[in-house]
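Visitor: I am new to this structure. Please take me in for a close look at one part, the surroundings of the bound ligands, and show me what lies around that part.

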Amino acid sequence: MKTRYKVLLALAGILLLFVLFVQIGGNKKFDAPYPEITAGTDPEIIARGEYLVFGPAHCATCHVPMDKIMAVEEGLKIPLSGGWEVAIPPGTLRAPNLTPDPETGIGNRTDGELARTLRSGIGHDGRYIMPVMPYSQMSDADLTAIISYLRSQPAVKNPMKPTQYSFLGKALIAFGMLKPTPPAEQPPADVPRDAGTAYGRYMATAVANCMGCHTEMDLMSGQFTKPHFSGGFVFEPDAFSQGYGFVSPNLTPHPEYGIMTTWTAETFISRMRAGRVYKGSPMPWGALSRMDSTDSQAIFAFLQSLDPIDNKIEKIVYAPGEEMK
Ligand code: HEC
Ligand code: HEC
(Lines give C-alpha, C1' and ligand atoms only; values in the text may rest on other atoms or scores of the structure.)
(Ligands and ions follow the chains in the order given, each with its own letter.)
Protein backbone atom coordinates (compact mmCIF):
# COMPACT_ATOMS: atom_id res chain seq x y z
CA MET A 1 0.00 0.00 0.00
CA LYS A 2 1.19 3.51 -0.78
CA THR A 3 2.19 5.58 2.23
CA ARG A 4 -0.45 8.17 1.31
CA TYR A 5 -3.22 5.58 1.80
CA LYS A 6 -1.70 4.35 5.04
CA VAL A 7 -1.77 7.88 6.40
CA LEU A 8 -5.37 8.37 5.26
CA LEU A 9 -6.36 5.05 6.81
CA ALA A 10 -4.69 5.99 10.10
CA LEU A 11 -6.46 9.37 10.10
CA ALA A 12 -9.81 7.71 9.42
CA GLY A 13 -9.13 5.33 12.31
CA ILE A 14 -8.35 8.20 14.67
CA LEU A 15 -11.47 10.05 13.55
CA LEU A 16 -13.58 6.95 14.15
CA LEU A 17 -12.14 6.54 17.65
CA PHE A 18 -12.80 10.22 18.36
CA VAL A 19 -16.44 9.94 17.23
CA LEU A 20 -16.92 6.78 19.29
CA PHE A 21 -15.32 8.40 22.32
CA VAL A 22 -17.64 11.41 22.03
CA GLN A 23 -20.78 9.34 21.36
CA ILE A 24 -20.13 7.13 24.39
CA GLY A 25 -18.56 9.73 26.68
CA GLY A 26 -21.29 12.27 25.83
CA ASN A 27 -23.80 10.03 27.62
CA LYS A 28 -21.63 9.75 30.73
CA LYS A 29 -23.52 9.23 34.01
CA PHE A 30 -22.73 11.27 37.11
CA ASP A 31 -23.39 10.69 40.76
CA ALA A 32 -23.92 12.84 43.87
CA PRO A 33 -25.64 12.16 47.17
CA TYR A 34 -29.41 12.67 47.28
CA PRO A 35 -30.33 15.67 49.49
CA GLU A 36 -32.41 14.69 52.50
CA ILE A 37 -35.64 16.35 51.42
CA THR A 38 -39.09 14.94 52.12
CA ALA A 39 -42.15 16.49 50.49
CA GLY A 40 -45.33 16.78 52.54
CA THR A 41 -48.96 17.84 52.37
CA ASP A 42 -48.99 20.77 54.82
CA PRO A 43 -51.07 23.46 53.03
CA GLU A 44 -48.83 26.27 54.29
CA ILE A 45 -45.72 24.60 52.88
CA ILE A 46 -47.49 23.86 49.57
CA ALA A 47 -48.56 27.52 49.37
CA ARG A 48 -44.95 28.66 49.81
CA GLY A 49 -43.95 26.24 47.03
CA GLU A 50 -46.62 27.57 44.68
CA TYR A 51 -45.51 31.14 45.41
CA LEU A 52 -41.89 30.27 44.55
CA VAL A 53 -42.75 28.25 41.43
CA PHE A 54 -44.93 30.97 39.82
CA GLY A 55 -43.09 33.86 41.48
CA PRO A 56 -39.44 34.42 42.40
CA ALA A 57 -38.04 30.97 41.45
CA HIS A 58 -39.97 31.19 38.11
CA CYS A 59 -39.96 27.44 37.35
CA ALA A 60 -43.28 28.01 35.54
CA THR A 61 -41.70 30.26 32.91
CA CYS A 62 -39.96 27.21 31.42
CA HIS A 63 -41.90 24.12 32.48
CA VAL A 64 -45.07 24.84 30.44
CA PRO A 65 -45.88 24.41 26.73
CA MET A 66 -44.31 27.08 24.47
CA ASP A 67 -47.73 28.53 23.57
CA LYS A 68 -48.64 28.97 27.28
CA ILE A 69 -45.54 30.93 28.28
CA MET A 70 -47.12 34.35 27.78
CA ALA A 71 -50.28 33.26 29.64
CA VAL A 72 -48.16 32.18 32.61
CA GLU A 73 -46.18 35.42 32.32
CA GLU A 74 -49.49 37.26 32.67
CA GLY A 75 -50.41 35.35 35.83
CA LEU A 76 -52.29 32.23 34.78
CA LYS A 77 -51.48 29.26 37.04
CA ILE A 78 -51.51 26.12 34.93
CA PRO A 79 -50.04 22.68 35.67
CA LEU A 80 -46.33 22.45 34.82
CA SER A 81 -46.77 19.93 32.01
CA GLY A 82 -43.50 20.86 30.30
CA GLY A 83 -42.65 22.08 26.82
CA TRP A 84 -40.23 25.04 26.76
CA GLU A 85 -37.48 24.38 24.28
CA VAL A 86 -34.27 26.21 23.45
CA ALA A 87 -31.69 25.33 20.78
CA ILE A 88 -28.14 26.37 21.68
CA PRO A 89 -24.84 25.09 20.24
CA PRO A 90 -24.43 22.27 22.84
CA GLY A 91 -27.90 20.94 22.06
CA THR A 92 -31.67 21.34 22.17
CA LEU A 93 -32.85 21.61 25.76
CA ARG A 94 -36.43 20.70 26.60
CA ALA A 95 -38.03 21.43 29.98
CA PRO A 96 -39.93 18.28 30.97
CA ASN A 97 -43.34 17.61 32.50
CA LEU A 98 -43.24 18.30 36.29
CA THR A 99 -46.79 17.14 37.06
CA PRO A 100 -47.32 13.87 39.02
CA ASP A 101 -48.15 11.77 35.92
CA PRO A 102 -46.23 8.50 36.49
CA GLU A 103 -45.30 7.92 32.82
CA THR A 104 -44.58 11.33 31.35
CA GLY A 105 -44.11 13.38 34.54
CA ILE A 106 -42.48 13.09 37.96
CA GLY A 107 -44.88 10.52 39.47
CA ASN A 108 -42.12 7.90 39.65
CA ARG A 109 -39.32 10.25 40.73
CA THR A 110 -38.23 10.31 44.35
CA ASP A 111 -37.96 13.55 46.36
CA GLY A 112 -34.21 12.92 46.47
CA GLU A 113 -33.93 12.72 42.67
CA LEU A 114 -35.86 15.97 42.19
CA ALA A 115 -33.86 17.75 44.90
CA ARG A 116 -30.54 16.51 43.49
CA THR A 117 -31.38 17.93 40.04
CA LEU A 118 -31.79 21.39 41.57
CA ARG A 119 -28.79 21.12 43.89
CA SER A 120 -26.23 19.51 41.55
CA GLY A 121 -27.50 19.59 37.96
CA ILE A 122 -27.78 15.82 37.62
CA GLY A 123 -30.85 14.25 36.02
CA HIS A 124 -32.81 11.41 37.69
CA ASP A 125 -30.95 9.05 35.32
CA GLY A 126 -27.52 10.47 36.20
CA ARG A 127 -27.12 12.54 33.04
CA TYR A 128 -25.50 15.98 32.98
CA ILE A 129 -27.93 18.93 32.91
CA MET A 130 -26.84 22.31 31.50
CA PRO A 131 -26.85 25.06 34.18
CA VAL A 132 -30.26 26.52 33.26
CA MET A 133 -31.49 25.97 36.84
CA PRO A 134 -29.04 27.68 39.20
CA TYR A 135 -30.69 26.74 42.48
CA SER A 136 -27.83 24.88 44.14
CA GLN A 137 -27.91 27.10 47.24
CA MET A 138 -31.70 26.93 47.71
CA SER A 139 -32.60 26.15 51.33
CA ASP A 140 -33.89 22.76 52.43
CA ALA A 141 -37.15 24.46 53.47
CA ASP A 142 -37.74 26.03 50.03
CA LEU A 143 -36.76 22.86 48.14
CA THR A 144 -39.22 20.95 50.33
CA ALA A 145 -41.92 23.56 49.62
CA ILE A 146 -41.37 23.42 45.84
CA ILE A 147 -41.36 19.63 45.63
CA SER A 148 -44.44 19.46 47.89
CA TYR A 149 -46.21 21.86 45.52
CA LEU A 150 -45.17 19.88 42.41
CA ARG A 151 -46.68 16.74 43.96
CA SER A 152 -49.97 18.55 44.74
CA GLN A 153 -50.72 19.51 41.11
CA PRO A 154 -53.18 17.51 38.98
CA ALA A 155 -51.36 14.91 36.85
CA VAL A 156 -51.21 15.81 33.16
CA LYS A 157 -50.10 13.31 30.53
CA ASN A 158 -47.75 15.08 28.13
CA PRO A 159 -45.19 12.89 26.37
CA MET A 160 -42.24 14.98 25.23
CA LYS A 161 -39.01 14.49 23.36
CA PRO A 162 -36.09 14.58 25.79
CA THR A 163 -33.18 17.02 25.69
CA GLN A 164 -30.82 16.17 22.84
CA TYR A 165 -27.14 17.11 22.98
CA SER A 166 -25.38 18.02 19.73
CA PHE A 167 -22.02 16.51 18.77
CA LEU A 168 -20.38 19.62 20.27
CA GLY A 169 -22.34 19.21 23.52
CA LYS A 170 -21.42 15.51 23.72
CA ALA A 171 -17.77 16.33 23.04
CA LEU A 172 -17.73 18.94 25.84
CA ILE A 173 -19.27 16.37 28.22
CA ALA A 174 -16.97 13.54 27.04
CA PHE A 175 -13.85 15.67 27.58
CA GLY A 176 -15.06 16.85 30.99
CA MET A 177 -15.48 20.51 30.02
CA LEU A 178 -19.15 20.36 30.92
CA LYS A 179 -19.83 18.59 34.18
CA PRO A 180 -22.21 18.93 37.13
CA THR A 181 -21.09 21.26 39.89
CA PRO A 182 -21.93 20.39 43.48
CA PRO A 183 -23.18 23.26 45.72
CA ALA A 184 -20.29 25.65 46.48
CA GLU A 185 -21.26 25.76 50.16
CA GLN A 186 -23.53 23.74 52.40
CA PRO A 187 -27.01 25.11 51.49
CA PRO A 188 -28.92 26.61 54.45
CA ALA A 189 -31.67 24.66 56.21
CA ASP A 190 -33.95 27.72 56.18
CA VAL A 191 -33.51 31.47 55.75
CA PRO A 192 -35.75 33.67 57.94
CA ARG A 193 -38.03 35.85 55.80
CA ASP A 194 -37.65 39.52 56.57
CA ALA A 195 -36.75 42.70 54.66
CA GLY A 196 -33.06 42.49 55.62
CA THR A 197 -29.96 41.96 53.49
CA ALA A 198 -29.38 38.30 54.47
CA TYR A 199 -32.73 37.22 53.06
CA GLY A 200 -32.22 39.63 50.13
CA ARG A 201 -28.88 38.02 49.27
CA TYR A 202 -30.47 34.58 49.46
CA MET A 203 -33.33 35.56 47.11
CA ALA A 204 -31.06 37.37 44.63
CA THR A 205 -28.45 34.60 44.44
CA ALA A 206 -30.16 31.29 45.24
CA VAL A 207 -33.81 31.67 44.24
CA ALA A 208 -34.56 34.41 41.68
CA ASN A 209 -31.26 34.17 39.77
CA CYS A 210 -30.79 37.96 39.59
CA MET A 211 -27.06 37.24 39.94
CA GLY A 212 -26.82 34.70 37.10
CA CYS A 213 -28.35 37.13 34.60
CA HIS A 214 -26.93 40.40 35.91
CA THR A 215 -23.26 39.35 35.80
CA GLU A 216 -21.03 39.07 32.73
CA MET A 217 -20.27 35.42 31.96
CA ASP A 218 -17.99 33.43 29.69
CA LEU A 219 -20.55 31.13 28.08
CA MET A 220 -18.04 28.41 27.23
CA SER A 221 -16.81 27.96 30.81
CA GLY A 222 -19.88 29.26 32.66
CA GLN A 223 -17.53 31.40 34.80
CA PHE A 224 -18.36 34.98 35.80
CA THR A 225 -15.86 37.41 34.29
CA LYS A 226 -16.87 40.59 36.21
CA PRO A 227 -17.96 41.24 39.80
CA HIS A 228 -21.42 39.90 40.72
CA PHE A 229 -24.43 42.07 39.81
CA SER A 230 -22.38 44.51 37.71
CA GLY A 231 -24.34 43.59 34.55
CA GLY A 232 -23.10 42.83 31.05
CA PHE A 233 -24.53 39.36 30.39
CA VAL A 234 -25.26 39.28 26.65
CA PHE A 235 -28.53 37.72 25.45
CA GLU A 236 -28.30 37.16 21.70
CA PRO A 237 -31.61 37.27 19.82
CA ASP A 238 -33.56 34.00 20.06
CA ALA A 239 -36.99 32.62 19.19
CA PHE A 240 -38.57 34.32 22.21
CA SER A 241 -36.90 37.73 21.89
CA GLN A 242 -38.49 38.54 18.51
CA GLY A 243 -35.12 39.49 17.06
CA TYR A 244 -34.12 41.82 19.87
CA GLY A 245 -30.84 41.39 21.72
CA PHE A 246 -30.34 42.39 25.36
CA VAL A 247 -27.47 43.17 27.72
CA SER A 248 -28.32 43.10 31.43
CA PRO A 249 -27.87 46.38 33.35
CA ASN A 250 -25.55 47.00 36.32
CA LEU A 251 -27.51 46.57 39.58
CA THR A 252 -24.74 47.75 41.94
CA PRO A 253 -25.11 51.21 43.54
CA HIS A 254 -22.55 52.84 41.24
CA PRO A 255 -23.35 56.58 41.00
CA GLU A 256 -22.92 56.70 37.21
CA TYR A 257 -23.18 53.18 35.84
CA GLY A 258 -25.75 51.59 38.18
CA ILE A 259 -29.25 51.50 36.67
CA MET A 260 -30.88 52.10 40.07
CA THR A 261 -28.71 55.00 41.20
CA THR A 262 -31.61 57.35 41.91
CA TRP A 263 -34.05 54.67 43.07
CA THR A 264 -35.52 54.34 46.56
CA ALA A 265 -36.93 51.08 47.95
CA GLU A 266 -40.38 52.32 46.85
CA THR A 267 -39.19 52.94 43.27
CA PHE A 268 -37.74 49.44 43.17
CA ILE A 269 -40.86 47.77 44.58
CA SER A 270 -43.13 49.55 42.11
CA ARG A 271 -40.74 48.89 39.19
CA MET A 272 -40.75 45.15 39.98
CA ARG A 273 -44.56 45.16 40.29
CA ALA A 274 -45.02 47.00 36.99
CA GLY A 275 -43.36 44.10 35.14
CA ARG A 276 -42.35 43.80 31.53
CA VAL A 277 -41.57 46.83 29.33
CA TYR A 278 -39.68 45.09 26.48
CA LYS A 279 -41.77 42.28 24.98
CA GLY A 280 -38.79 40.04 24.17
CA SER A 281 -36.73 40.62 27.34
CA PRO A 282 -35.37 37.37 28.81
CA MET A 283 -35.99 38.63 32.36
CA PRO A 284 -38.96 36.69 33.82
CA TRP A 285 -40.77 39.93 34.61
CA GLY A 286 -44.22 38.36 35.00
CA ALA A 287 -43.07 35.91 37.66
CA LEU A 288 -40.92 38.50 39.44
CA SER A 289 -43.76 41.06 39.37
CA ARG A 290 -45.63 38.71 41.69
CA MET A 291 -42.92 38.83 44.36
CA ASP A 292 -44.31 40.18 47.61
CA SER A 293 -43.05 43.50 48.96
CA THR A 294 -40.95 41.86 51.72
CA ASP A 295 -39.00 39.95 49.07
CA SER A 296 -38.53 43.03 46.88
CA GLN A 297 -37.53 45.18 49.83
CA ALA A 298 -34.97 42.61 50.99
CA ILE A 299 -33.48 42.29 47.49
CA PHE A 300 -33.21 46.08 47.17
CA ALA A 301 -31.54 46.40 50.59
CA PHE A 302 -29.04 43.72 49.60
CA LEU A 303 -28.27 45.27 46.18
CA GLN A 304 -27.73 48.66 47.86
CA SER A 305 -25.26 47.05 50.27
CA LEU A 306 -22.98 45.89 47.42
CA ASP A 307 -19.76 47.66 46.45
CA PRO A 308 -20.40 50.06 43.57
CA ILE A 309 -18.77 48.55 40.45
CA ASP A 310 -17.70 50.87 37.61
CA ASN A 311 -18.88 48.62 34.81
CA LYS A 312 -20.47 50.78 32.13
CA ILE A 313 -23.17 49.04 30.09
CA GLU A 314 -23.26 51.00 26.85
CA LYS A 315 -26.62 49.79 25.66
CA ILE A 316 -29.28 47.45 27.01
CA VAL A 317 -31.62 46.81 24.07
CA TYR A 318 -30.50 46.04 20.49
CA ALA A 319 -32.98 46.19 17.62
CA PRO A 320 -33.32 43.18 15.27
CA GLY A 321 -30.28 43.01 12.99
CA GLU A 322 -28.26 45.53 15.01
CA GLU A 323 -24.73 44.37 15.82
CA MET A 324 -24.23 43.67 19.57
CA LYS A 325 -21.14 44.88 21.39
C1 HEC B 1 -34.72 28.62 32.22
C2 HEC B 1 -35.65 27.55 32.15
C3 HEC B 1 -35.89 26.69 33.37
C4 HEC B 1 -36.25 27.09 34.64
C5 HEC B 1 -36.43 28.51 35.16
C6 HEC B 1 -36.43 25.89 35.41
N7 HEC B 1 -36.17 24.79 34.63
FE8 HEC B 1 -36.24 22.83 35.22
N9 HEC B 1 -35.54 22.24 33.42
C10 HEC B 1 -35.29 23.08 32.35
C11 HEC B 1 -34.77 22.29 31.25
C12 HEC B 1 -34.36 22.81 29.88
C13 HEC B 1 -34.69 20.95 31.69
C14 HEC B 1 -34.21 19.74 30.92
C15 HEC B 1 -32.75 19.55 31.15
C16 HEC B 1 -32.23 18.30 30.53
O17 HEC B 1 -33.00 17.37 30.30
O18 HEC B 1 -31.03 18.25 30.28
C19 HEC B 1 -35.19 20.96 33.06
C20 HEC B 1 -35.28 19.82 33.85
C21 HEC B 1 -35.87 19.78 35.11
C22 HEC B 1 -36.10 18.57 35.88
C23 HEC B 1 -35.89 17.16 35.38
C24 HEC B 1 -34.60 16.53 35.76
C25 HEC B 1 -34.61 15.07 35.33
O26 HEC B 1 -34.43 14.24 36.18
O27 HEC B 1 -34.79 14.77 34.14
C28 HEC B 1 -36.69 18.98 37.06
C29 HEC B 1 -37.13 18.09 38.20
C30 HEC B 1 -36.80 20.42 37.02
N31 HEC B 1 -36.30 20.88 35.82
C32 HEC B 1 -37.35 21.19 38.03
C33 HEC B 1 -37.38 22.60 38.03
C34 HEC B 1 -37.84 23.39 39.14
C35 HEC B 1 -38.45 22.84 40.42
C36 HEC B 1 -37.65 24.71 38.81
C37 HEC B 1 -37.86 25.93 39.67
C38 HEC B 1 -37.28 25.92 40.99
C39 HEC B 1 -37.11 24.72 37.45
N40 HEC B 1 -36.96 23.42 37.03
C41 HEC B 1 -36.81 25.86 36.74
C42 HEC B 1 -35.49 24.43 32.30
C43 HEC B 1 -35.83 25.24 33.38
C1 HEC C 1 -33.13 35.61 32.74
C2 HEC C 1 -32.32 36.77 33.02
C3 HEC C 1 -32.72 37.75 34.10
C4 HEC C 1 -33.10 37.48 35.39
C5 HEC C 1 -33.33 36.14 36.06
C6 HEC C 1 -33.22 38.77 36.04
N7 HEC C 1 -32.96 39.77 35.16
FE8 HEC C 1 -33.16 41.76 35.52
N9 HEC C 1 -32.86 42.18 33.56
C10 HEC C 1 -32.44 41.27 32.62
C11 HEC C 1 -32.30 41.95 31.34
C12 HEC C 1 -31.84 41.32 30.04
C13 HEC C 1 -32.66 43.31 31.55
C14 HEC C 1 -32.74 44.43 30.49
C15 HEC C 1 -34.05 44.38 29.72
C16 HEC C 1 -35.27 44.72 30.54
O17 HEC C 1 -35.28 45.79 31.20
O18 HEC C 1 -36.22 43.92 30.56
C19 HEC C 1 -33.01 43.42 32.97
C20 HEC C 1 -33.40 44.59 33.58
C21 HEC C 1 -33.49 44.77 34.95
C22 HEC C 1 -33.71 46.02 35.63
C23 HEC C 1 -33.86 47.40 34.96
C24 HEC C 1 -35.29 47.77 34.75
C25 HEC C 1 -35.48 49.15 34.21
O26 HEC C 1 -36.54 49.72 34.44
O27 HEC C 1 -34.59 49.65 33.51
C28 HEC C 1 -33.72 45.77 36.98
C29 HEC C 1 -33.92 46.76 38.09
C30 HEC C 1 -33.54 44.34 37.14
N31 HEC C 1 -33.40 43.77 35.89
C32 HEC C 1 -33.50 43.69 38.35
C33 HEC C 1 -33.53 42.29 38.50
C34 HEC C 1 -33.68 41.62 39.76
C35 HEC C 1 -33.79 42.30 41.10
C36 HEC C 1 -33.72 40.29 39.49
C37 HEC C 1 -33.97 39.16 40.46
C38 HEC C 1 -35.11 39.29 41.35
C39 HEC C 1 -33.56 40.13 38.05
N40 HEC C 1 -33.42 41.36 37.49
C41 HEC C 1 -33.55 38.90 37.39
C42 HEC C 1 -32.24 39.90 32.81
C43 HEC C 1 -32.63 39.20 33.96
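Guide: Here is a walk through the two ligand shells, then the helix contacts and a sheet. This is a predicted model, in which local features need pLDDT of at least 70, side-chain atom pairs count only at pLDDT 80 or more, and totals for chains, interfaces and linings use all residues. Residues are numbered from 1 along each chain as its sequence is written, chains are lettered from A and ligands numbered from 1 in the order in which they are written, and side-chain values use heavy atoms, with hydrogens and water left out.

Start at ligand 1. Its shell holds 23 residues; a residue belongs there if one of its heavy atoms lies within 4 Å of the ligand. The closest are Cys59, Cys62, His63, Arg127 and Met133. Now look at the polar contacts (pairs of N or O atoms within 3.5 Å; within protein, one must be able to donate a hydrogen and the other to accept it, and residues adjacent in sequence count only if both atoms are side-chain atoms). An N or O atom in the side chain of His63 is 2.8 Å from a nitrogen atom of ligand 1. Arg127 brings a polar side-chain atom to 2.5 Å from an oxygen atom of the ligand. His124 uses a polar backbone atom instead, 2.7 Å from an oxygen atom of ligand 1.

Which elements build this shell? β2 (91–94) and α4 (111–120) each give at least two residues. Helices (H or I, at least four residues) and strands (E, at least two) are DSSP runs, numbered from the N terminus. The largest share, three residues, comes from α4. By class, the shell has 15 nonpolar, six polar and two charged residues. Ala, Val, Leu, Ile, Met, Phe, Trp, Tyr, Cys and Pro count as nonpolar, Asp, Glu, Lys and Arg as charged, and the others, Gly among them, as polar.

Move on to ligand 2. Here, too, 23 residues surround the ligand. Cys210, Cys213, His214, Arg271 and Met283 are the closest. A polar side-chain atom of His214 lies 2.8 Å from a nitrogen atom of ligand 2. The side chain of Arg271 has an N or O atom 2.6 Å from an oxygen atom of the ligand. For Trp285, the side-chain distance to an oxygen atom of ligand 2 is 2.8 Å. Two or more residues of the shell come from each of α8 (210–213), α9 (265–274) and α10 (285–289). The classes are 19 nonpolar, three polar and one charged.

Next, the helices. α2 (residues 43–54) and α5 (residues 140–152) pack at about 90°, with axes 7 Å apart. Axes are lines fitted to C-alpha atoms, for helices over the stretch in contact, and angles run from 0 to 180 degrees between N-to-C directions. That makes α2 roughly perpendicular to α5, the word used for 65 to 115 degrees. The residues of this contact divide into eight nonpolar, four polar and three charged.

Another pair is α7 (residues 197–207) and α11 (residues 293–304). Their axes come within 7 Å and cross at roughly 95°. These two helices are therefore roughly perpendicular to each other. Their contact has seven nonpolar, two polar and two charged residues.

Last, the sheet. Three strands form an open, antiparallel sheet in the order β6-β7-β8. β6 (234–235) and β8 (317–318) stand at the edges with a single partner strand each, so one side of each has no neighbour in the sheet. β7 (residues 245–247) pairs with β8 over two bridges; pairing requires that DSSP finds at least two. Gly245 stands opposite Tyr318 in β8.

Methods: Angles under 35 degrees count as roughly parallel, over 145 as roughly antiparallel, 65 to 115 as roughly perpendicular and the rest as oblique.
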